[in-house]
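Colleague: I'm new to this, so can we go through a structure together, one question at a time?

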Amino acid sequence: MSQSDSIVPAPKVEEKNIALVERNPKHSVSPRNLSDQPSHHPEKDGVARTPELKRKLKSRHLQMIAIGGTIGTGLFLGSGQALAKSGPAGALIGYTFVGTIIFSVMQSLGEMATYIPISGAFTAYATRFVDPSLGFAMGWIYWFSWAMTYSLELTATGLIIQYWNQNLSIGSFIGVFWVTITALNFLPVSFYGEFEFWLSTIKVLTVIGFMIFAICIDAGAGQKGYLGFYTWGTPGAFASYLLQSKGALAKFIGFWSVLIQAGFSYQGTELVGIAAGETENPRKNVPAAIRKTYWRILFFFIGTIFFIGLLVPYDNKDLLSTASDVTASPFVISAKLAGVPVLPSLINAILLVVVLSAANSNVYSGSRILFGLANDGSAPAFIKRTTAKGVPYVAIASTSAFGLLAFMNLSANGGIVFTWLLNITAIAGFITWACINGCHIAFMRVLAVRNITRDTLPYKAAWQPYFAWYGLFFNVLITRGRISGGKCKE
């Protein structure tokens with residue numbers, strides 16, 4: 001891969017060679033470094049100029065893009081559902097367990113993304129090391145997931161604002177924020193990185209502030225006095241789910257149900273791999289970002305779930321309500337229980353910033369995956385068009401268009417269809433993570449065939465290949481369990 005300021009997609013012939021080595025280890029190819037693809041000169045070769053993205057993201061941008069894309073409605077709103085279904089201990093164990101799976105995925109992604117830092121990385125790795133059909137399927141389901149999540153975030157903005165005034169129309173806010181977020185993504189990637197950096201900073205400070213608030217309230221600063229681990233005893237550490245009994249099986253089902261919710265919350269951690277293709281000096285910045293980002297996100301999520309479980313009992317009526325607005329957020333509920341009247345409105349305002357940041361990352365990640373699909377020939381060629389500043393405007397417009405599906409929530413029948421589409425994205429993260437682990441296993445096999453030791457890589461993943469198999473197994477198991485569970489409910 002050329003280390004110039006722009007990104008030139010690798011020639012198709014080399015992709016075929018690498019894929020052929022994976023499928024037929026006896027096949028001999030050039031011993032070049034897998035990432036050192038030749039850079040063709042348009043004028044000399046007499047071919048059209050290749051679409052380019054620009055390496056304008058700095059290390060601090062890269063880290064905050066991953067954090068910003070992860071800390072969103074899944075943590076601030078969805079964590080309440082996890083607490084209600086499994087209890088404080090069940091939710092904590094569930095989020096921790098999924099965190100180990102994410103660590104496996106990030107290790108696999110880090111080793112590949114630093115060696116071959118290209119845009120649309122997930123699809124490119126599947127195409128090169130496994131099969132083009134996997135790259136096609138993986139890329140489209142991941143793109144669809146982010147495009148639909150964008151419409152979800154836009155809907156959430158209206159629901160959050162309705163907390164202050166129920167008479168306001170959700171549709172007007174969907175339209176305003178759709179225009180704003182879409183316009184921001186048409187700016188050069190450096191503007192996006194800077195904007196996301198400051199929005200994500202607000203998120204990080206909010207989570208840290210909540211943890212400090214939780215420690216104070218749990219220690220006795222609230223109206224209920226000292227709490228300690230009271231909620232772990234009354235109503236209990238584990239909640240029963242679906243079954244009438246309160247036995248071990250019902251509690252295990254509660255724990256298992258949290259895994260999908262936790263996966264949705266963690267989705268976005270892998271954005272480091274997408275942004276690697278537009279990052280300055282990726283072989284230095286990407287490894288650092290992966291190491292720091294994972295532990296920060298894990299700290300934020302595990303810490304938040306732990307403190308929510310200390311402040312809010314899992315049988316709280318607001319957690320168990322069917323309301324889809326911010327009143328079901330455990331952040332707001334904990335403030336109300338503590339007797340702090342001002343804090344709920346403040347948290348609600350911060351939630352609006354959180355959702356806008358997540359929506360911003362949705363469009364960015366979705367457009368880059370779509371751009372990568374077009375480069376691999378899995379999407380129409382016109383999607384590869386970019387501006388002089390390296391902005392893939394067609395991919396951005398195509399991804400942003402799905403945000404308009406949020407208007408379906410304004411009607412009862414449209415809301416049902418919207419829920420169907422959203423349910424498809426529920427397991428998209430696990431499918432993508434399983435593919436990343438699988439691609440890494442194939443990547444290590446290619447290295448072994450070409451006698452390239454992993455010790456020479458810019459970033460060497462830990463505990464391999466066992467950790468990649470660990471992630472692959474549980475990602476497939478959770479996905480299979482979710483699909484089977486959905487059939488049973490039907």
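Here is our chat about this model, which is predicted.

Colleague: Okay, how many disulfides does it have?
Modeller: A disulfide needs two cysteine sulfur atoms within 2.5 Å. Take cysteine 435: the nearest cysteine sulfur, that of cysteine 439, is 6.3 Å away. By this rule, the count of disulfides comes to zero.

Colleague: And is cysteine 439 buried or exposed?
Modeller: Let's use the cut-off, where buried means under 20% relative accessible area. Cysteine 435, at 13% relative accessibility, falls on that side of the cut-off. Cysteine 439 has a relative accessible area of 1%, so we call it buried.

Colleague: Where is asparagine 437, and is it buried or exposed?
Modeller: Asparagine 437 has its place in helix H19, residues 428-449. Its contacts beyond four places away in sequence include Ser104, Val105, Ser108 and Asn475. Its relative accessibility is 0%, so asparagine 437 in helix H19 counts as buried.

Colleague: Which residues have the most contacts inside the largest nonpolar core?
Modeller: That core has 135 residues, and helix H5 (residues 79-115) gives the largest share, 17 residues. Tyrosine 95 touches Gly74, Ala82, Val258, Phe301 and Ile305, among others. Tyr266 is also one of the residues that tyrosine 95 touches. The pair with the most contacts inside the core is Tyr95 and Tyr266.

Colleague: How many residues are in the other core?
Modeller: This other core lies apart from the largest one. Among its members are Ala434, Ile441, Ala468 and Leu472. Asparagine 437 touches two residues named there, Ala468 and Leu472. The other core's residue count is five.

Colleague: Which helices do the buried residues of H17 pack against?
Modeller: Helix H17 covers residues 393-401, and Val394, Ala395, Ile396, Thr399 and Ser400 are buried there. Those buried residues have three helices as packing partners. They are H7 (132-161), H8 (170-185) and H16 (343-375).

Colleague: How far apart in space are alanine 406 and threonine 155?
Modeller: Alanine 406 is in the loop between H17 and helix H18 (412-425). With a relative accessible area of 0%, alanine 406 is buried. In sequence, alanine 406 and threonine 155 are 251 residues apart. In space, C-alpha to C-alpha, their separation is 5.8 Å.

Notes. Residues numbered from 1 in each chain as written. Predicted model: local features only at pLDDT ≥ 70, side-chain atom pairs only at ≥ 80, totals over all residues. Heavy atoms only, no water. Buried < 20%, exposed > 50% of the residue type's maximum accessible area, 1.4 Å probe, protein only. Helix = DSSP H or I, 4+ residues; strand = E, 2+ residues; numbered from the N terminus. Contact = heavy atoms within 4.5 Å. Core = buried A, V, L, I, M, F, W, Y, C linked by side-chain atoms within 4.5 Å.
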